[in-house]
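Here's a quick walk through a two-part model, from the big picture down to a few side chains. Have the viewer open and follow along.

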Amino acid sequence: MKFTDVFLQTATKTLVFIIMTFSIYILFAGHHNPGGGFIGGLITASALVLLYIAFDLQSVRDIIPFNFNKLAAAGVIISVLTGTASLLFNVPFLSQTFTYVYLPLLGKTELASAVIFDLGVYMTVLGTTMTIITSISEDEK
Amino acid sequence: MSILIALILLPFLFAAVVPPLYKYVRCIHTGWFVLAVPVVLFVYFLSCIPVIQGGEQLAAEIPWIPSRGIYFSVYLDGLGLLFALLISGIGALVVLYSIYYLSKSKEAIGQFYVYLLIFMGAMLGVVLSDHLMVLYGFWELTSISSFLLIAFWHKRERSRYGAKKSLMITVLGGMALLCGFIMLYIMTGTFSIREIIADLPSVNGHALFLPALLLVLLGAFTKSAQFPFHIWLPDAMEAPTPVSAYLHSATMVKAGIYLVARLSPVFAGQAEWFWLVSAFGMVTLLYGSLNAVKQTDLKALLAFSTISQLGLIMGLLGLGSAAAYYGIGGESLLYTTATTAAIFHLINHATFKGSLFMVAGIIDHETGTRDIRKLGGLAALMPVTFSIAAIGTLSMAGLPPFNGFLSKEMFFTAVLKTVHMDLFSLQTWGSLFPVIAWIASVFTFIYSMLLLFKTFMGKFQKDQWDRKPHEAPIGMLISPVVLASLVLVFGLFPNLLAYSLIEPAMASIMPELLAPGEKFVVSIQFWHGWTTELMMTFGVVAAGIGLAVSHKRWKGVYGRLPQVFSLNYLYDRGLGWLGLGSNRLTSGYMTGSIRSYLAYIFTFFILLLGYVLLRTPGIQFSINSTAPIAYYEIALVIALVLSTAAVPFARSRLTAIILTGTVGYLVTMFFIIFRAPDLALTQMIVETVSVSLFLLCFYHMPKLKKELSKLRFRLSNALIAAGVGLMVTLIALGAGGSGKFASIADFFVEESYKLAGGKNIVNVILVDFRGFDTLLEIMVLGIASLGIFTMIKLRLEGRDIGARVLYNKGELSLGAVNRDTASQEVTEAHEAYEAAVRAKEASMKGGQTGGQKQ
């Protein structure tokens, strides 16, 4: 018979969305304001950890069928690829660039290649943290 | 490539051909093929005699490492020719002898001839090289091939011991030689021996002259088995007899003699050289002859005899070096007798000692023993061997009409002349030389007679032998017969040698004594009148016969010498102590405890950095450039210091973890105060994660020995910790107070938005300006997570691991039970573990399928 913490689960259902939103904000705000891929990844991980605490491992795995190992690998690959892409334009490895576009709703918007790099950082940090936490918690003595 | 170089390389090339010959031509003894090599060499070198006699030199050179000034350059002069003839001539005889000595079917003769050919080539290289580095290379090659030959019967413990000993001692000398050669190079700027000799003024009086002299002599003495370093030679007698005859009587042990003779033009005329070479030679002569008398093994006796005779030659070279002091002139020629005697005796010794070793081999081969206490009465059974042995021993003892007599007379002449020398503060010391020489000659006479009479005369002890001794086969006798007849020929017609070999050799040992166009004139008289030398020989014979006859009475004296003073004892114990000492040293500081290693590292850190801080000029510990301190900063620092200082005093680990977390959050506060929002965010989250991980570790601590007490106090730890803290503080203050360069931060502040389009400078630096670091750091993270994943998930099954799992659980105790039951329990535990794993896997599969169904 599993003990169910209704308060925790109900609060979690709301909080996870807020934390997730905040983490994504942090990720994209990093270029101009405090934040960035590293902190963003850690905050997303904390949202997932909250889910794990409120529910059990198996249910969370059912709703988020992610292999976090692969996520970390994908993050590293994205970061390397953004660096390699600059070679195609005949500039040194990992040269970043940015440009401004005018989007219908948002107006003048900055698009920076550094954000893609940061995304790789984000995915790596998230994947790493989750791998560590889930593998430790799954380990049965 | 000239023919000279080709001939030096010939033995090496042929050594490569020997193994296939040995493998595919089984019906013919491989030695017959090998025999061609020294014969060809010998014939070539014989044909060179007229050229060399005319004062010419043959030289050849091919570049080896030209950028480093290393050339494979060789030259053939009188000295080189003499040695080359010895090496190839006796080499041919030894190969012939070994064909009959070593069995084709029972011995690994393929290996034997490979080693022997390498040795022959290396020895030729040593005596013909002009380049010091090439000479050194060949020198070490002789040590290595000799090592392989001594341990030819490597299944015997004594062989391995002898080989190791000889290698260690000769390589010690070889290393010294290398240093000496390098010093010669530093002094003159050339590696060529001829150029060094031509450039003597830059050598004399140089600060490195004496060290180079000592190191070169150390090399020569170890190789030539001079007094304290002679101990390897008797043990090298475990080698097959052809090897003993070749290496340890005729060639390798003379490499040191060669070196002293070769470098005489550089060093001779100096008091140090004169004293060291002649004193070591004389001591070796006396010591070797005294020790030879007490040996009971034929080869051991011959080994000590070799040591003694090498001492004689070395001593003569030392005495002869005095001639260089006087320079060109009639007076110097007076003292060249010693050098003549040295060269003459060198040849004589090679002939009679080679034949005597072969005789010892024949006796060993025919009777099965070399112990002279068991031998006796062989003269009638082995007449030819007996004749050879008689010629050899009588020549060794210095009796007419053999060549040993002539060289001994010349030896006496040389030492008698030394008495009249008045240089190098000789004074009364000079009169010691004839006395030592005479005593050593008496003992030489005694052991020669003992060797001859105990082996061949007396009663035939039939029951001692398991086989019936008889005369050796003809093939085995050829080589010693040739050598013995040479003993006779050189004894009767010594001037054959004098014109052809000795004069050119002297010219290369003492070139500075010759005016251009002049040459030495050596004439050895067989009869030189009623001189003091002849009287001394009569004395030697009289005293020798008396002592040899009464040998049994005073033999016991040798036993009285305590074992502790023997050099072998010192060597063996020295090696033992060395091993024990280094073992103790290592186990003393390599404790296996991480705590000690950390103590070493931190102590080194304190001492090195403290020393550098003290010695570096201009370091200022100023605090002038610091910012004003706000009150909340003070409050935070106090909190930080308190919580940090509390960690070592925490009674439980939980408290320590919480305190560590506190420190981390306080650091976050500092980041906020010092306006680093990104750092503060990251620090806060990372601190949270690490504290949780600490708690995880704490929760899973084994229950066996849980300690809730506080840290034990250790003064040394406290001192080291305080020292490290002080040192880091001083370095930080010194670095902050000293002159600084302008920071590059301005660039980032100005260009962050313009170049990278970002207002968060920290993030722009992380992903844009220095994105490469970030790339590698996220790889570090990824690797860490993979590592943790692997450590937790990968549970390799195995006997060992299964047992350890149960052992950790406390179900298995290895200490209490005996080994058999323990191993049994381990097996059982392992089986139980495997069963458990299988059950677990099954349940996991079931769980998974169940989960899918849901």
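What follows goes from the overall make-up to the contact between chains, and then to some individual residues.

## The big picture

First things first: this is a predicted model. Chain B runs to 854 residues, and 48% of them are buried. Its secondary structure comes to 37 helices and two strands, so expect to look at plenty of helix as you scroll through chain B.

How much of the contact set in chain B links residues that are 24 or more positions apart? Taking contacts with a separation of 6 or more, the share is 78%. On the outside, chain B exposes about 41,400 Å², with carbon and sulfur atoms supplying 68% of that area.

## Chain A and its annotated spans

For chain A, an unreviewed UniProt entry lists the feature "transmembrane region" at residues 12-30, 36-55, 67-91 and 111-133. That label comes from the record, but we can check what the model does in two of these spans.

Residues 36-55 of chain A are 90% helix and 0% strand, with 29 Å between the end C-alpha atoms. In residues 111-133 of chain A, the split is 91% helix and 9% strand, and the end C-alpha atoms lie 34 Å apart.

## The hairpin in chain B

Now for the two strands of chain B. Strand β1 covers residues 58-65 and strand β2 covers residues 70-76, and they pair in the antiparallel sense over seven bridges. If you want a spot to zoom in on, try B:Ile62, whose bridge partner in β2(B) is B:Phe72.

Which residue takes a positive phi in this hairpin? That would be B:Gly69, with a phi near 70°. The hairpin of β1(B) and β2(B) has four residues between the strands.

## Where the chains meet

Chain B puts 37 residues into the contact with chain A, and chain A puts in 36 residues. Together the two chains bury about 3,100 Å², of which 71% is on carbon and sulfur atoms. On the chain B side, B:Val767, B:Leu775 and B:Ile778 supply 17% of the area buried against chain A, more than any other three residues.

How many salt bridges are there between chain B and chain A? The count is zero.

## Salt bridges inside chain B

Across all chains, the whole structure holds seven salt bridges. As a general point, side chains of opposite charge can pair when their charged atoms come close. One of the seven joins B:Asp235 to B:Arg158, with the closest N and O atoms 2.8 Å apart. B:Asp235 sits in helix α10 (residues 232-235) and B:Arg158 in helix α6 (residues 157-188), so this pair ties together parts of chain B that are 77 residues apart in sequence. B:Asp235 is buried at 11% relative accessible area, while B:Arg158 is partly exposed at 41%.

B:Asp235 also forms a salt bridge with B:Lys165, and here the closest N and O atoms are 2.5 Å apart. B:Lys165 is in helix α6 too, so its pairing with B:Asp235 in helix α10 ties together parts that are 70 residues apart in sequence. Both B:Asp235 and B:Lys165 are buried. Elsewhere in chain B, B:Asp364 forms a salt bridge with B:Arg370, the closest N and O atoms being 3.5 Å apart. B:Asp364 has a relative accessible area of 18% and B:Arg370 has 19%, so each counts as buried under the 20% cut-off. As for shared partners, salt bridges join B:Arg158, B:Lys165 and B:Asp235 into one network.

## Two residues to compare

Is B:Thr444 buried or exposed? This residue is in helix α21 (residues 432-456) of chain B, and it counts as buried because its relative accessible area is 2%. Leaving aside residues up to four places away in sequence, B:Thr444 touches B:Ser289, B:Ser308, B:Gln309, B:Met396 and B:Lys408.

B:Ala36 belongs to helix α2 (residues 30-53) of chain B. At 39% relative accessible area, B:Ala36 is partly exposed. From B:Ala36 to B:Gly398 you go 362 residues along the sequence and 34 Å through space, C-alpha to C-alpha.

How values were computed:
Residues numbered from 1 in each chain as written. Chains lettered and ligands numbered in written order. Predicted model: local features only at pLDDT ≥ 70, side-chain atom pairs only at ≥ 80, totals over all residues. Heavy atoms only, no water. Buried < 20%, exposed > 50% of the residue type's maximum accessible area, 1.4 Å probe, protein only. Contact = heavy atoms within 4.5 Å. Areas by Shrake-Rupley, 256 points an atom, 1.4 Å probe, with all protein chains shown as cover. UniProt positions renumbered as here; feature names shortened; annotations may be inferred. Pairing = 2+ DSSP bridges. Buried area = accessible area lost by both parts, 1.4 Å probe. Salt bridge = Lys/Arg side-chain N within 4 Å of Asp/Glu carboxyl O.
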